[in-house]
Amino acid sequence: MTPLLEVVDVRKSYGDRVVLDDVTLSVQPHDVVCLIGSSGSGKSTLLRCLNLLEDIDDGVIRFEGHEISDPRVDPREVRQRMGMVFQAYNLFPHLSVLDNCTLAPRRVHGLSRRAAEDRARELLTTFGLSEHVDKHPDRLSGGQQQRAALVRALCTQPQLLLLDEITAALDPELTGEVLGIVRDLADRGTTMVLATHEMSFAREVATTVCFLSEGRILEQGPPAEIFTAPREERTRQFLRRVLPQ
Amino acid sequence: MTEPWVPSLRELERRRVRRQQRARSILVSSLAIALVFAGLATVVVSSPGWDRFQATFFDWHHAKESFPEIRDGFWLNVKLFLICEVAILVLGLAVALARTARSPLLAPFRVLAVGYVDLFRGVPTVLLILMLGFGVPALNLQGLTDDRYVWAGVALVLSYGAYVAEVFRAGIDSIHPSQVASAEALALSRAQTLRFVVVPQAVRRVAPPLLNDFISLQKDTALVSVVAVFDAVFAARDYTGYTFNYTPYVVVSVFFIAITIPLARFTDWLGRRALERERAGAR
């Protein structure tokens, strides 16, 4: 089976500071890949590179069999098939939740208002936001905002969903609420790459866990392997610190 | 820990493509610029009245002749502009702050500020200059100057103060309430919150529209010529009155442009620098 996403030897630096170094990763359809590692290890940068928000300095990124790291590729074509959710939600404050969710489907994907709103309402209802449809994002709690942001990304029916520490700004209860939804998505076969600090979630939902340190993927494998028998000393150190014993 | 990084062949190829794309876009933009400007020049030069137009508006002799008077007059415009600008900034900010004041004691100032803005934004600047420039000296008030130049300046300050106050107010209103909340959580007083948190951010945000108003002010200093102040425009009009040649007007325009363009670039630069500092890496 050809992988949905293939990252080969990707390098990214800001001036002299190398933030991604020889990153190689392969994502099959229906995979859930969790990127773990301390802050500044390059998790977010990797996600931003995948979405072409940042140009890479070397290596190749292939998506659906095509190289998307080619400068001749129109990033907007790629982003139409890839969704991204940010840590700080990044909802548009001047639009209602519904309008946030229908903006791209209507303006980019050419759906009619009717069709876009039907789809958005359905997803918002599934995610327990039916009574907040016409509210503006600032009226919602953090958890609700993040769920709305997830719906906004899902409304364009992406082949791949990138989640950048989407629960980092939420309290444990709201975190559980949002992760429950991500778990549902995983169960329904959504392909995802997510940066996360939620180790128990990663252990439970991930098909592959990647441990990043100083811009390198030090170790990757199924969660059972990484969490119980990590190969690298650096991984063991990290897990000792973040996992409750 | 490993050998130093050498770009892969793929990366070198990619760089070549990026260079090509950049070169192509520069070429296209240069061609587009050349085409549009050549087209415009052809239309103007080939117009039937071009020769006469050139003689009345672009006459080198008249330009040289009128230059010294205009230069001296323009110095007056510049002085007026510099003094008014400072006064307008102070007045505008004071009025904006008065409008956002919450304290009941300051209520009269709030009413005054609203009334001032409503009134002075509504009256055409040229009427204000005429009324103050000719009106106040006619009152023969003790202790007040009857210099028309001064009163024309006061009229400009009052008129532009009202606009600038609204620009400042828009900037203050645009600062997110969470900023006020976090300042108050640090036990800053309302005045301190404004002084150290809200106003500095607001001023940065409204710098471009403020500059817009100042360029406009710079040009409107030409309006003082209506009360017979010998500024650059008055000098030019004086000259054309004798010679029936309009070249001096072009000379005055060049003087104004020579000041506004560098000012605009300077503000662009200031704004860019502030953005780079505050949003480093954030997208």
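Mentor: A residue counts as buried if 20 or more other C-beta atoms, placed from the backbone, lie within 10 Å of its own, as exposed if 12 or fewer do, and as partly exposed in between. The structure is a predicted model, in which local features need pLDDT of at least 70, side-chain atom pairs count only at pLDDT 80 or more, and totals for chains, interfaces and linings use all residues. Residues are numbered from 1 along each chain as its sequence is written, while chains are lettered from A and ligands numbered from 1 in the order in which they are written.

Trainee: Is A:L212 buried or exposed?

Mentor: A:L212 belongs to strand β9 (residues 208-213) of chain A, a strand being a DSSP run of E of at least two residues, and a helix a run of H or I of at least four, each numbered from the N terminus. Inside 10 Å, A:L212 has 24 C-beta neighbours, and therefore the residue counts as buried.

Trainee: Which residues does A:L212 contact, apart from its neighbours within four places in sequence?

Mentor: A contact requires C-beta atoms, placed from the backbone, within 7 Å. A:S41 is 171 residues away from A:L212 along the chain, and yet their C-alpha atoms are separated by 5.8 Å. Outside the four-place window, the partners of A:L212 are A:L35, A:G37, A:S41, A:G42, A:K43 and A:I217.

Trainee: Why is one side of β6 and of β10 of chain A left without a neighbour in the sheet?

Mentor: In chain A, six strands make an open sheet of mixed pairing, ordered β6-β7-β8-β3-β9-β10, where pairing means at least two DSSP bridges between two strands. Both β6 (82-85) and β10 (216-221) of chain A lack a neighbour on one side because they stand at the edges, each with a single partner strand. From one strand to the next, the twist averages 15°.

Trainee: What angle does the direction of helix α5 of chain A make with that of β6(A)?

Mentor: Strand β7 (residues 160-164) of chain A is joined to strand β8 (residues 192-195) of chain A over four bridges in the parallel sense, and A:D164 stands opposite A:A195 in β8(A). Helix α5 (residues 142-154) of chain A packs on this sheet and touches β6 and β7 of chain A. Angles run from 0 to 180 degrees between N-to-C directions, with axes fitted to C-alpha atoms, for helices over the stretch in contact. The direction of α5 relative to β6(A) is about 170°.

Trainee: Which strands stand at the edges of the sheet of four strands in chain A?

Mentor: That open sheet has antiparallel pairing and the order β2-β1-β4-β5 (chain A). Each edge strand has a single partner, so one of its sides has no neighbour in the sheet; the edges are β2 (17-27) and β5 (66-67) of chain A.

Trainee: Which strands of chain A does helix α1 touch?

Mentor: Seven bridges link strand β1 (residues 5-14) of chain A to β2(A) in the antiparallel sense, with A:S13 opposite A:V18 in β2(A). Helix α1 (residues 43-50) of chain A packs on the sheet at about 65° to the direction of β2(A). The strands touched are β1, β2 and β4 (58-63) of chain A.

Trainee: What is the radius of gyration of chain A?

Mentor: Chain A has nine helices and ten strands. For its 245 residues the globule rule gives 18 Å, the rule being 2.2 Å times the number of residues to the power 0.38, with the radius taken over C-alpha atoms. Chain A is as compact as a globular protein of that length, because its radius of gyration is close to that value, at 18 Å.

Trainee: What is the radius of gyration of chain B?

Mentor: Chain B has ten helices and zero strands, and its C-alpha atoms fill a box of roughly 85 × 70 × 30 Å along the principal axes. Of its 283 residues, 25% count as buried. A compact globule of 283 residues would come near 19 Å, but chain B has 26 Å.

Trainee: How far apart are the end C-alpha atoms of residues 25-45 of chain B?

Mentor: An unreviewed UniProt entry lists this span among the residues for "transmembrane region" in chain B; such annotations may be inferred rather than shown by experiment, and positions follow the numbering used here, with feature names shortened. The span is 100% helix and 0% strand, and its end C-alpha atoms are separated by 30 Å.

Trainee: How many charged residues are on the side of chain B that touches chain A?

Mentor: Chain B gives ten residues to the contact and chain A gives eight. Asp, Glu, Lys and Arg count as charged, Ala, Val, Leu, Ile, Met, Phe, Trp, Tyr, Cys and Pro as nonpolar, and the others, Gly among them, as polar. On the chain B side, three residues are nonpolar and two polar, and the number charged is five.

Methods:
Two residues are in contact if their C-beta atoms, placed from the backbone, lie within 7 Å.
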